[in-house]
Amino acid sequence: MPRKIAAGNWKMNGLQSTLAELQTLEAKHGDADIAILICPPFTLISACEDTPFDIGGQDCHTNEAGAHTGDISAEMLADVGASYVLVGHSERRTDHGETDAQVAAKSQAAYDAGLIAVICIGETLNEREDGTTLDVIDAQLAGSVPDTADALNTVIAYEPVWAIGTGKVPTTDQIAEVHAHMRARLQDRFADGDEFSLLYGGSVKGSNAANIFAVPHVDGALVGGASLTAADFSPIIAALERA
Ligand SMILES: O=C[C@H](O)COP(=O)(O)O
């Protein structure tokens with residue numbers, strides 16, 4: 001069975017005062033049966049050391065170390081207690097021009113440092129409207145997921161770009177189509193393809209989480225805005241625990 005994962009991506013949000021929200025969340029879900037992953041900004045990772053939740057970075061460099069001002073290596077993330085790292089988020093692909101090849105190299109860097117890579121893929125609105133969604137998914141899976149991936153070192157997050165931070169959510173049929181497609185592609189390519197955790201991301205909220213988690217091959221969520229407060233994230237975690 002794939003791991004169930006409720007992941008919160010704080011993006012460029014969070015100061016030390018934000019950690020009070022994490023403590024509230026711990027009081028409610030500190031003993032959860034599912035994996036709860038928090039991806040705070042780099043500046044707060046050390047401060048999360050004592051949390052019962054898994055901690056992840058939001059990006060890593062392809063190299064272990066070197067002259068790359070402002071970048072963070074996977075080894076540095078592991079050094080301060082992270083066990084996961086997001087790679088290939090659409091905001092990185094758009095803001096920093098990251099390619100599938102770079103995302104694959106970052107994933108490999110994550111594996112080399114002992115981190116689990118959460119590889120993000122998803123189509124734009126134009127691609128959805130052109131009817132090329134599954135082609136885009138195929139290309140991103142082929143290009144961003146290294147041959148060395150397996151269900152223990154890799155999680156795939158399907159995040160339609162047009163659903164991120166917009167309040168627009170695909171229909172459950174649309175999510176089901178993409179997740180079943182991803183599962184089939186992973187089964188074709190990897191011996192343990194049926195064990196990879198597949199997350200949905202894009203405007204997940206307490207009000208829609210249960211419907212999304214009822215979709216076959218949805219093993220959890222990658223949540224942005226609604227992961228910033230315990231009040232918003234807790235109902236999503238609870239829905240996944242019930243799913
Ligand atoms: O990484 C998280 C996703 O980009 C989803 O963000 P959102 O929940 O704010 O739409």
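Helices are taken here as DSSP runs of type H or I with at least four residues, numbered from the N terminus, and in this predicted model one such run, helix α4, spans residues 90-95 and contains R92. R92 counts as partly exposed because 18 other C-beta atoms lie within 10 Å, whereas a buried residue would need 20 or more. When neighbours within four places in sequence are left aside, the contacts of R92 are with D59 and E98. The C-alpha atoms of R92 and N153 are 21 Å apart, with 61 residues separating the two along the chain.

Confidence in the prediction is reported both per residue and for the model as a whole. The chain has a mean pLDDT of 97, and 100% of its residues reach 70 or more, while the model scores are 0.99 for ipTM and 0.98 for pTM.

The fold is organised around a barrel that eight strands close in the order β1-β2-β3-β4-β5-β6-β7-β8, with parallel pairing. From one strand to the next, the twist averages 25°. Helix α10, which comprises residues 230-242, packs on this sheet and touches β1 (5-9), β2 (35-39) and β8 (220-223), and the direction of α10 makes about 165° with that of β8.

At the N-terminal part of the barrel, β1 and β2 run parallel and are joined by five bridges, and within this pairing A6 stands opposite I36 of β2. The connection between these strands involves helix α1 (residues 19-29), which together with β1 and β2 makes a right-handed β-α-β unit. Strand β2 is mostly covered, five of its five residues being buried. Its side chains are divided between two directions, with A35, L37 and C39 pointing one way and I36 and I38 the other, and all of these residues are buried. In a regular strand, side chains alternate between the two faces of the sheet. On the side of β3, strand β2 pairs in the parallel sense over two bridges, and the bridge partner of L37 in β3 is D54.

The pairing continues from β3 (residues 54-57) to β4, two parallel strands joined by two bridges, where G57 has V85 as its bridge partner in β4. A right-handed β-α-β unit is also formed here, by β3, helix α3 (residues 74-79) and β4. In strand β4 (residues 84-87), Y84 and L86 point one way and V85 and V87 the other way, and all four are buried. Strands β4 and β5 pair in the parallel sense over four bridges, with L86 standing opposite V118 in β5.

Several of the residues described above recur in the nonpolar interior. The largest nonpolar core has 64 residues, and those with the most contacts inside it are A7, V85, V118, A221 and I236. Strand β5 (residues 116-121) gives the most to this core, contributing six residues. Around V85, when residues up to four places away in sequence are not counted, the residues touched are G56, G57, C60, A74, L77, A110, L115 and A117. Of these, G57 is also the bridge partner of V85, and V85 is itself one of the buried residues of β4. In soluble globular proteins, nonpolar side chains tend to be buried together.

Definitions and conventions:
Residues are numbered from 1 along each chain as its sequence is written. This is a predicted model: local features need pLDDT of at least 70, side-chain atom pairs count only at pLDDT 80 or more; totals for chains, interfaces and linings use all residues. A nonpolar core is a set of buried Ala, Val, Leu, Ile, Met, Phe, Trp, Tyr and Cys residues joined through C-beta atoms within 7 Å. A residue is buried if 20 or more other C-beta atoms lie within 10 Å of its own, exposed if 12 or fewer, and partly exposed in between; C-beta atoms are placed from the backbone. Two residues are in contact if their C-beta atoms, placed from the backbone, lie within 7 Å. Two strands pair if DSSP finds at least two bridges between them. A crossover is right-handed if, with the strands pointing away from the viewer, the path from the first strand over the helix to the second runs clockwise. pLDDT is the predictor's confidence in each residue, from 0 to 100. Axes are lines fitted to C-alpha atoms, for helices over the stretch in contact, and angles run from 0 to 180 degrees between N-to-C directions.
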